[in-house]
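Me: I'd like to understand one part of this protein really well before I go back to the bench. Please take a close look at how the strands pair, with a quick stop at the largest pocket on the way.

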Amino acid sequence: EVQLVESGGGSVQAGGSLRLSCAASEYPASINCMGWFRQAPGKEREGVAVISTGGSIQHYADSVKGRFVISRDNAKNTVYLQMSPLTPEDTAMYYCAAASNSWCLWAQRWAEWANYRDWGQGNQVTVSS
């Protein structure tokens with residue numbers, strides 16, 4: 001099991017920026033993707049973005065395309081999510097996750113949270129209007 005630790009959340013005003021980080025305790029060859037999910041109170045968990053091990057494949061939720069950027073630093077076993085500009089609708093708990101199957105590479109399946117094996121503890125992002 002890979003241990004994932006998120007950081008970088010907080011409170012900002014609409015139009016502001018935040019960068020989330022997800023540090024993995026290790027990165028075994030079995031991991032195909034690293035993803036970010038979020039869950040707001042009373043709502044289902046939704047996929048935000050995913051990136052393949054090599055970084056060449058990325059998928060984004062329609063709601064964040066053009067505003068969020070996922071990236072990774074394999075030397076540091078760390079994945080990032082740059083978010084800007086933020087809106088109040090982005091307020092949620094953000095989770096980092098790792099997938100060892102290939103579904104995470106598919107445009108139609110990457111956002112299915114059940115495909116992800118390891119999860120971080122979550123990091124709160126609050127955007128005020």
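**A pocket, then the paired strands**

Reply: Sorted by class, the residues lining the largest pocket are four nonpolar, two polar and five charged. (Nonpolar covers Ala, Val, Leu, Ile, Met, Phe, Trp, Tyr, Cys and Pro; charged covers Asp, Glu, Lys and Arg; the others are polar.) This is a predicted model, where local features need pLDDT of at least 70 and side-chain atom pairs pLDDT 80 or more, while totals for chains, interfaces and linings use all residues. Residues are numbered from 1 along each chain as its sequence is written, and side-chain values use heavy atoms, without hydrogens or water.

To find the pocket's wall in your viewer, select Arg38, Gln39, Ala40, Pro41, Lys43, Glu44 and Glu46, then add Pro88, Glu89, Thr91 and Ala92. (A pocket is an open set of points on a 1 Å grid where a 1.4 Å probe fits, with protein on both sides within 12 Å along at least five of seven lines; lining residues have an atom within 4 Å of a point.)

Now for the strands (DSSP runs of E, at least two residues, numbered from the N terminus). A good place to start is β3, which spans residues 18-24. Five of the seven residues in β3 are buried, so the strand is mostly covered. (Buried is under 20% relative accessible area, exposed over 50%, partly exposed in between, with a 1.4 Å probe and protein chains only.)

Strand β3 has a partner in β1 (residues 4-7), to which four bridges join it in an antiparallel arrangement. (Strands pair if DSSP finds at least two bridges between them.) In this pairing, Glu6 stands opposite Cys22 of β3.

β3 also pairs with β8 (residues 78-83), again antiparallel, over six bridges. Here Leu20 is worth a click: this residue of β3 has Leu81 of β8 as its bridge partner. Leu20 counts as buried because its relative accessible area is 0%. Gly9 lies 11 residues from Leu20 in sequence, and their C-alpha atoms are 6.1 Å apart in space.

From β8 you can step across to β7 (residues 68-73), since six bridges join these two antiparallel strands. One of the matched pairs is Phe68 with Met83 of β8. In a regular strand, side chains alternate between the two faces of the sheet, and β7 shows an alternation of its own. Phe68, Ile70 and Arg72 point to one face and are buried. Val69, Ser71 and Asp73 point to the other face and are not buried. Notice that a charged residue, Arg72, is among the buried ones.

Next, follow the chain around the turn. The hairpin of β7 and β8 has four residues between its strands, and Asn77 there takes a positive phi. Asn77, found in the loop between β7 and β8, has a phi of about 50° although it is not a glycine. Asn77 counts as partly exposed because its relative accessible area is 25%. Most residues other than glycine have a negative phi, and most peptide bonds are trans.

That last point has a counterpart further along the chain. Ser84 and Pro85 are joined by a cis peptide bond, with omega at about -10°. Pro85 belongs to the loop between β8 and β9.

If you colour β1, β3, β8 and β7 in turn, you can follow the pairings: β1 with β3, β3 with β8, and β8 with β7.
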